[in-house]
Every structure is written in C-alpha cells, then in structure tokens.
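The following report sets out the sheets, the helices that pack on them and the ligand site of one protein model.

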Amino acid sequence: MNISNVVGIIGWPVAHSLSPLMQNAAFLESNLDSWAYVAMPVNKLPYIRIKEAVLGLRALGLKGANVTIPHKEAVVPYLDRLSSEARAIGAVNTISIDSEGYLVGHNTDGRGFVNDLLDNGVDLTGMHVMILGAGGSARAVVHALLEHGVKQITILNRTKTKADDIARSFGPHFPDATLDTKVLSRDAIRETAYADLVVNTTSIGMGENAGQMPWDENLHFAKTQIVYDLIYNPKLTKLLLHAQKDGARIFNGLGMLVNQGALSFQIWTGAEAPIDAMKKAVREFK
Ligand code: NAP
C-alpha cells in the first residue's frame, strides 16, 4: 500500500481545533519532516459522508486520523478492528491504518485524562470521583479511572439513562468498584459535593453555555478537593474560577488534550511524543 505521512482530524466544526497546531509542532520537534496534520471538516449530514471520509483515509493512503465531535461513535461501523479500550468505550478518537490497509480504531481520551492527573502527581488510590455528564468523554474518563483502580464513582447527568448505561456496561467488568448514578440536579450535586475529584464532562461552561456551571453557586469546595474541567476554551470556566476562589486544585482540559494527542502521535509514528513541545504549542494559543 502506498501510504503518505499525512494525518488529520475528522469532525464538525474543526476550523478552531488546536490539534493541527499541536501535532505539527510535535512532528517538527521530532524531525519528522515528511509528516503533516490537517483539519478535515466532515459535516454531520448527509450521513453517508462519514463513511466516505473514513474509507477515504485508506483510499488516499493516509496514516490515520483523529476523530472528534460529532463523529466518535459514527465512525465505528466502518473500521476493520477496534482496540479493547475503544470497544469498551464504544467510541473512537484515533484511527490508524496498518501496513495491510486495515482501519484500526483506538480511544486515547480516557488515558489522556488519567495521564494528565498522574503526571501532575495526583494519586487516584482510594478516591471518590464525581463525574458530571454521561456523554462520550464521560465514558472514556470513567473507563480509564476504573482501569486505574478507582473504586467509587458517582455519575450525574441530565439524562439519567445515559449515566445508567455507563454503570451497566462497566460495572460487571470492575466488580470491586461502586458505580452509582443520579439525575444532575442541585440536590444531587449537594449530596456528592464532598467527592475527592470532581470532573466536568458536560459542555456547560463553553460555547452557548459559557458563563454557566453545573454546580451550585452557594456550594464551596474544600482546599483538598481537585476539580477537573474537560473544557479548555475558555481556559478557566465558571466552575474552575469558582473552585479556584475556594482554594481547590484545578485542571482545565488542555492537559488531557495534549496527553490524548501524545498517545495518538505514538500510534501513528511509533515514536515517543515530544510532550513538552506539544504543551507549549497549545499553551500559546489565544
Ligand atoms: P457529548 O457526548 O455530546 O456529551 C455532552 C454531555 O453534556 C452530556 O452528558 C449532556 O447531557 C451534557 N449537557 C450538554 N448540554 C447540557 C445542558 N444544557 N445541561 C446539562 N447537561 C448538558 O460530548 P463529549 O464528547 O462527552 O464532550 C463533552 C465536553 O468534553 C465538551 O466540552 C468537549 O469539548 C470536552 N472534551 C474535551 C476533551 C479534551 O481533550 N480536553 C476531550 C473530549 C471532550 P445529556 O446526556 O443529558 O444530553
């Protein structure tokens, strides 16, 4: 197969994605001069486009792609194989094409999240984790936390059935862990607010929901708590500003973005990712 060293990101919209900036900085730093990473905007409609886009990666001889909103689940039927992680999560954020032309789906989001915490010295042992949201990123985060031995997770979501789905699909594989679910409400937040690690995986705090937070204004964090918001634009969401004021330790989604991207880089190139150069590239964006 004729393969060029081109990769990219399939999503809609992707014009403002930081991944091209971050991955091209990584190629430059690693002296991978023939490599390039490009944005690949693929609209949600007509549905046939996502199939054409995935199969087109192979037809065009590309090395692979990242996949982002809204296609992480939609690409799955068109892939030849899934990693065990992607299969468990039910979504793909990285596609690689092997030397025989098979399309392989991976999911590096959850490990990217956990690696960011571990790199920053956070010990997950014995933690009670509160997850706000139950979409695709919540599935990846919960899976990675369970893989890292977290034993107690409470998932709060507007649509409770989606939180229940996560608990049902992972619970039997991690019998030592307790997974409980609640409707995202003021009362449920209050009941679980003492959690050691609070993770916002909802889109409340960005785009049309910027200036809002999935939290009660009158509820304060302890200095010992860690608050992680997967959102990185804005860099400080209302939730993170609130937690920062209370003296809690805060993380935005940039570290997860870099770490999931580093794992994708390794999958495509087989080389270790230059993580500092990738961090520098995304920190400098305005
Ligand atoms: P998703 O699958 O569409 O899930 C969205 C979640 O947000 C669902 O739980 C949804 O609840 C909830 N939600 C949306 N609007 C809401 C509202 N008005 N009130 C209450 N809940 C609301 O999206 P995703 O892929 O999980 O992504 C979620 C966030 O994570 C996005 O901000 C994305 O940018 C970020 N993210 C960051 C990284 C990173 O590398 N830092 C990676 C992946 C994702 P319902 O189920 O009730 O609809």
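## Sheets and ligand site

Strands β5 (residues 94-97) and β6 (residues 103-106) run antiparallel and are joined by four bridges; strands are DSSP runs of E with at least two residues, helices are DSSP runs of H or I with at least four residues, and both are numbered from the N terminus. T94 has H106 as its bridge partner in β6. This is a predicted model, in which local features need pLDDT of at least 70 and side-chain atom pairs count only at pLDDT 80 or more, while totals for chains, interfaces and linings use all residues. Residues are numbered from 1 along each chain as its sequence is written, and side-chain values use heavy atoms, with hydrogens and water left out.

β5 and β6 belong to an open sheet of six strands with mixed pairing, in the order β2-β1-β3-β5-β6-β4; two strands pair if DSSP finds at least two bridges between them. Because β2 (36-41) and β4 (81-82) stand at the edges with a single partner strand each, one side of each has no neighbour in the sheet. Helix α1 (residues 19-29) lies across β1 (6-11), β2 and β3 (64-67), at about 165° to β2. Contact here means heavy atoms within 4.5 Å, and angles run from 0 to 180 degrees between N-to-C directions of axes fitted to C-alpha atoms, for helices over the stretch in contact. Helix α9 lies across β1, β2, β3, β5 and β6, running at about 10° to β5.

A further open sheet of six strands has parallel pairing and the order β9-β8-β7-β10-β11-β12. β9 (178-183) and β12 (249-251) are its edge strands, each pairing on one side only. From one strand to the next, the twist averages 15°. Four bridges pair β10 (residues 197-200) with β11 (residues 226-229) in the parallel sense, and L197 has I226 as its bridge partner in β11. Helix α8 (residues 238-245) lies across β10, β11 and β12, at about 165° to β11.

The ligand is surrounded by 22 residues, each with a heavy atom within 4 Å of the ligand; the closest are S137, N157, R158, T159 and K162. Helices α5 (136-147) and α9 (254-269) each supply at least two residues of this shell. The table gives polar contacts, that is, pairs of N or O atoms within 3.5 Å.

| Protein partner | Distance to a ligand oxygen atom |
|---|---|
| G136, polar backbone atom | 3.0 Å |
| N157, side-chain N or O atom | 2.7 Å |
| R158, side-chain N or O atom | 2.8 Å |

The protein covers 79% of the 930 Å² of accessible area that the ligand has on its own, as given by the Shrake-Rupley method with a 1.4 Å probe.

Methods:
Polar contact = N/O pair within 3.5 Å; in protein donor to acceptor, adjacent residues only side chain to side chain.
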